[in-house]
Amino acid sequence: YRVKNADGEYLAKITGKQGDSSLGFFTVQDKITNLVIPGSQGSTSALLDQFSLGSALRYRRDVGRASAIGVLATDREGDQYHNRVFGVDGDFKFTRRDRVRAQVLVSQTGYPDAVVRNYEQPDGNFWGGAVDFSYSHDSRSWNWFANFRDVSNNFRADLGFMPQAGYRNYYSGVFHDWYRRPGYWFTKIQTGASLQWETDHDGEELGKIASFWVTYNGPLQSTIGLTGNFGTESYMGRDFDTNNLQVQTGLLYKELWFGFGGYFGQQVDYVNVRQGTKINLNPTLQFQFGRHVSTVLSHIYERLNVDVGRLYTANITNFRLMLQFDRRTFLRVILQYTDTKY
């Protein structure tokens, strides 16, 4: 389809599948060009007051019963600006339990002179690359995984959202599941552990974290999850502790579902570069009135304390109402109230 509004913006899109092959393409003209300029420890944003034309092409071909290979290309063009990304990827299932996923990307970018000067970016056309690799073993009881990601300093993907560049990330873990039939005091219990380590391209450590968790699933679709994270994070030349406990619970009784999430522990105050302690509480109620009406009420309470006292307290309340008239017609109402004190 193609759309043109009063500002002269265009959009065209086509998707399709034939046999083992899938194809997707879109192109869009934006009135304003937003840029995310990433770094290893954060990102900045820039705005170009100009039109840009963005396009993306994706081709994927199924191989065998459970594997696939693909290619992709994106292009974003403006006045004295461009960002082009080319890549190949694969998803290979070697056995019933073992799977490997991999992707290799290359980008070429050129910024206007003002962006080069104001944001200390490379002059002229510059190249970057990214590699993503993961292996997983999935069985009924034992599961393990290993992931590796490497993103160069000059890699850009402006049609996507990649706010970090110039880093290497290593992530692996193992977990075990126990199952019981319905009627027992639990239907599934999972315990696991993982380790994550991240550095920049100069070899400086950005962070490391060890995680341990246990989750319980039982009657009434009840679930309880506890995760302990123990680690450190390096930011702006300083090391900070990031030890925390996270809680997730849920319970379904007839048409009423109740959920609760919580975060208790240490958090970096990135704006002022100092240690903080955060509490986040997130209760949720969902009620289904027959087949056509549903409501969701949720609240987020968060506070961050630093050495001199309370930095902020935030309260956000959300209410959603969905009226489903038929398969193609619905009405959604969303109300939100926010109260933040700094």
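**Strands, rings and charges: a short tour**

Strand β13 (residues 188–200) and strand β14 (residues 205–218) pair in the antiparallel sense, over 12 bridges. Two strands count as paired if DSSP finds at least two bridges between them. Strands themselves are DSSP runs of E, at least two residues, and helices are runs of H or I, at least four, all numbered from the N terminus.

Before I go on, a word on the source. This is a predicted model, where local features need pLDDT of at least 70 and side-chain atom pairs count only at pLDDT 80 or more, while totals for chains, interfaces and linings use all residues. Residues are numbered from 1 along each chain as its sequence is written, and side-chain values use heavy atoms, with hydrogens and water left out.

Back to β13 and β14. I189 stands opposite Y216 in β14. The hairpin of these two strands has four residues between them, and there G203 takes a positive phi near 90 degrees.

Now follow β14 onward. β14 and β15 run antiparallel, joined by 12 bridges. N217 has T223 in β15 as its bridge partner. This hairpin has three residues between the strands, and L220 takes a positive phi near 60 degrees.

Next, β9 and β10. They run antiparallel too, with 12 bridges joining them. R99 stands opposite S136 in β10. Then β10 pairs with strand β11 (residues 142–151), again antiparallel, through nine bridges. D138 faces N143 in β11. Three residues make the hairpin connection from β10 to β11.

On to the aromatic rings. A pair of aromatic rings is described by the distance of the centres and the angle of the planes. Rings of Phe, Tyr and Trp (its six-membered ring) pair if their centres lie within 6.5 Å; planes under 30 degrees apart are stacked, over 60 edge-to-face, and the rest tilted. How many aromatic pairs does this rule give? The count comes to 15.

Take Y111 and F126. Their ring centres are 5.7 Å apart and their planes meet at 50 degrees, so the pair is tilted. The pair links distant parts of the chain: Y111 is in the loop between β9 (98–110) and α1 (113–118), F126 is in strand β10 (residues 126–138), and they are 15 residues apart. Both Y111 and F126 are buried. Buried means under 20% relative accessible area, exposed means over 50%, and partly exposed is in between, with a 1.4 Å probe and protein chains only.

Y235 and Y270 make an edge-to-face pair, 5.1 Å centre to centre, with 90 degrees between the planes. Y235 lies in strand β15 (residues 222–235) and Y270 in the loop between β18 (256–269) and β19 (274–289), so this pair ties together parts 35 residues apart in sequence. Are these two buried or partly exposed? Y235 counts as buried, because its relative accessibility is 14%. Y270 counts as partly exposed, at 34%.

There is also a cluster: ring pairs link Y184, W185, F186 and Y216.

Rings meet charges as well. A charge sits over a ring if NZ of Lys or CZ of Arg is within 6 Å of the ring centre and within 35 degrees of the ring normal. R140 lies over the face of Y179, at 4.1 Å from the ring centre. K278 does so over Y263, at 4.4 Å.

Now salt bridges. The rule is a side-chain nitrogen of Lys or Arg within 4 Å of a carboxyl oxygen of Asp or Glu. That gives 11 salt bridges.

One of them joins K17 to D62, with the closest N and O atoms 3.2 Å apart. K17 is in strand β2 (residues 10–18) and D62 in strand β6, 45 residues apart, so to speak of distant parts of the chain is fair. K17 counts as exposed, at 51% relative accessibility. D62 is partly exposed, at 24%.

D132 and R149 form another salt bridge, with their closest N and O atoms 2.6 Å apart. D132 sits in strand β10 and R149 in strand β11, 17 residues apart. D132 is partly exposed, with a relative accessible area of 25%. R149 is partly exposed as well, at 37%.

R274 bonds to D269 by a salt bridge, closest N and O atoms 2.8 Å apart. R274 is partly exposed, at 21%, whereas D269 is buried, at 4%. Salt bridges that share partners also join K17, R60 and D62 into one network.
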